[in-house]
Each structure stands twice: as structure tokens, then as C-alpha cells.
Amino acid sequence: MTFFRFAAYQTRRGTDFPPEGAGMVELVLKRADADDLDELIALENAVKRSLPYDDMLVVDDKAFYKRLLDSGGRILIARGGDMAVGAGIISFPQEHDPDDLCGELNLSPAQAARVVRIESVYILEAYRGQRLAERLLKELLRYAQMLGKDLSLSTIWPGNAANLSAVFRQGRTLRKLVRKYGGLPRFIIMGAPTPPPVCGDTVWVRSMDLDGHAKQFADGKIGITMRKDEGSAFHSLAFDIGYRRLDTSLSS
Ligand SMILES: CC(C)(COP(=O)(O)OP(=O)(O)OC[C@H]1O[C@@H](n2cnc3c(N)ncnc32)[C@H](O)[C@@H]1OP(=O)(O)O)[C@@H](O)C(=O)NCCC(=O)NCCS
């Protein structure tokens with residue numbers, strides 16, 4: 001089993017970084033197995049309770065995580081002392097997957113063979129804002145890359161500014177708006193080794209303007225950036241997503 005260590009400040013929401021009196025906490029990144037699933041689900045529920053919008057995160061159950069581990073998926077948990085403070089989860093597309101994102105994006109079989117699915121990343125509130133999610137994803141995607149999986153797919157609620165900000169910083173892009181989990185809106189996000197070629201002007205759409213997003217995708221555009229309203233808080237819906245046209249003459 002592989003362990004990674006790094007130090008992080010435990011922050012308090014609403015304070016400057018690092019907040020006065022914050023201690024250094026040593027975090028260990030550990031690959032989870034079936035024995036860790038109760039802890040993982042407790043963490044996911046704690047994260048869910050801290051969120052201002054119910055639609056943001058759908059909590060998975062133990063059977064889902066068991067299937068994921070049995071089918072070659074991987075879970076990385078960040079622990080500070082005895083406490084789980086964050087987790088990242090990836091899986092690899094299976095045949096007859098009812099939640100087939102490759103199909104949603106009409107990927108070719110050759111492209112689908114390169115896909116790793118980022119199932120979710122969640123960080124306890126006190127540990128957010130320190131790129132911990134990015135650190136977890138980096139380790140997970142490095143593993144996927146070793147298996148030849150260099151295209152990532154994931155989904156996200158359109159109002160999730162914190163996650164979208166991280167997505168765009170990592171060069172991933174929004175490809176489609178779909179309904180999941182009994183009708184909740186979700187963007188499908190794609191990450192690739194090189195950024196997709198885009199052209200034309202940037203068109204801005206308000207975060208929760210679902211028809212506006214759908215129109216951009218129907219028009220051959222992809223979401224590549226965001227801009228928050230001046231002074232808006234972490235979880236505010238006051239932001240726009242920027243779209244540009246995918247240059248299909250150049251994309252592979
Ligand atoms: C999305 C999430 C995983 C990002 O993790 P993270 O380690 O905090 O990521 P980052 O440090 O890169 O911060 C991302 C953004 O969150 C913002 N942020 C910082 N502290 C925050 C806090 N206490 N609460 C909310 N957002 C915060 C940061 O300002 C940053 O925005 P920026 O890129 O404009 O600076 C984390 O916010 C989270 O667990 N959210 C709830 C679960 C969720 O929505 N998961 C994604 C769907 S599965």
C-alpha cells in the first residue's frame with residue numbers, strides 16, 4: 001500500500017489563509033479498501049451536511065463503492081491523524097454501464113478505451129481552499145495514466161463554483177448538460193492531455209441558466225472558463241461560465 005505525506009493548515013471558513021492560530025496538520029493519502037468504506041461514507045455525509053445546496057452532491061452507498069473497488073476503481077482518502085478529511089474516487093467504464101458518459105459524448109471505441117471516470121472528490125469544510133482536491137486527483141490520474149487512461153470524464157452541478165474553478169484551472173472543459181440522479185442538472189466534464197482547440201469570441205452564460213448552457217452546447221461550443229461577480233462568496237451562484245466554439249477542424 002502506498003502512503004503520501006504532506007502538511008496542510010486546518011483552516012476556518014471565512015478567515016484569511018493561514019488563519020491566526022491554525023495548526024499544521026500532517027495529512028496522509030491512503031488507498032482505501034473495503035474496510036475503509038464506512039469511514040468514507042461518513043466523510044461524504046459530513047461534507048454533504050456542510051453544503052448550502054442539496055443538489056450539489058449525491059451521496060453514494062456502500063454497494064456502489066464495493067462494486068467500484070471490485071471493478072478496478074480506486075479510492076484515495078486523505079487522513080489527518082485519525083480523521084478522514086478528504087477523498088477522491090475514480091472508476092473505469094464498464095460494459096453496459098447505465099451511467100455511460102462515453103455514450104453521452106458519442107466517443108469512439110478508441111477514445112472510450114482511454115477513459116477514466118472521476119466519480120467524485122470531497123473535502124471537509126475546514127480543509128478546503130488548499131488545493132487538496134487537486135492533490136488527490138493528481139495521484140489518482142497518475143495511476144490511470146499508467147493504465148493508458150488519459151481522458152477523464154466527470155459530472156458537476158452547474159452551481160458548484162468551487163469545483164468549477166478547480167476544473168478550469170486544471171484545463172478540463174464542459175461538454176454537455178445532462179440530467180442525472182433522478183433529474184438533477186449536471187455538466188459532463190472532459191479532461192485530455194492537451195487542451196481542446198477553440199475559436200471565436202467567448203460567450204458568457206449565468207451559472208443556473210440551464211437553457212442558456214444547453215444552447216451553447218447545441219451550437220458546438222464548450223465551457224472553458226468562469227468569472228465570479230465581484231465580491232461573491234465561495235458558494236454563491238453569482239458567476240458566469242464562458243463558452244468558445246470547439247474547432248473541429250483541429251480536434252482529434
Ligand atoms: C470542490 C472541492 C472538492 C474543492 O476542493 P479544494 O481542495 O477546496 O479545492 P481548491 O483548494 O482548489 O479550491 C477550489 C475553490 O474553492 C474555494 N474555496 C476556498 N475555501 C473554501 C471554502 N471554505 N468553502 C468553499 N469553497 C472554498 C477556493 O476559493 C477555490 O476557488 P479559486 O480557484 O477561485 O481560488 C471542495 O470545495 C468540496 O469538497 N466541495 C463539496 C463537495 C463537492 O462539491 N465535490 C464535487 C462534486 S463530487
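A residue is taken as buried when 20 or more other C-beta atoms lie within 10 Å of its own. By that criterion, 29% of the 252 residues of the protein chain are buried in this predicted model. The chain is built from seven helices and 11 strands. Its contacts often join distant parts of the sequence: of those with a separation of 6 or more, 66% are between residues 24 or more positions apart.

Attention turns next to the ligand. Its shell is made up of 26 residues, and the closest are Ser120, Arg128, Gly129, Ala133 and Ala162. Three elements each supply at least two residues of this shell, namely strand S5 (115-123), helix H5 (132-146) and helix H6 (161-169). Helix H6 gives the most, with five residues. In chemical character, the shell around the ligand comprises 13 nonpolar, seven polar and six charged residues.

Helix H5 also offers a residue worth a closer look, Gln145. Is Gln145 buried or partly exposed? The count for Gln145 is 14 C-beta neighbours inside 10 Å, so this residue is classed as partly exposed; the cut-off for a buried residue is 20 or more. Gln145 also illustrates how sequence and space can be read side by side: Val116 lies 29 residues away from Gln145 in sequence, while the C-alpha to C-alpha distance between the two is 8.7 Å. Helix H5, where Gln145 is placed, is again one of the elements that supply at least two residues of the shell around the ligand.

Definitions and conventions:
Residues are numbered from 1 along each chain as its sequence is written. This is a predicted model: local features need pLDDT of at least 70, side-chain atom pairs count only at pLDDT 80 or more; totals for chains, interfaces and linings use all residues. Helices (H or I, at least four residues) and strands (E, at least two) are DSSP runs, numbered from the N terminus. A residue is buried if 20 or more other C-beta atoms lie within 10 Å of its own, exposed if 12 or fewer, and partly exposed in between; C-beta atoms are placed from the backbone. Two residues are in contact if their C-beta atoms, placed from the backbone, lie within 7 Å. A residue is near a molecule or strand if its C-beta atom, placed from the backbone, lies within 6 Å of it. Ala, Val, Leu, Ile, Met, Phe, Trp, Tyr, Cys and Pro count as nonpolar, Asp, Glu, Lys and Arg as charged, and the others, Gly among them, as polar.
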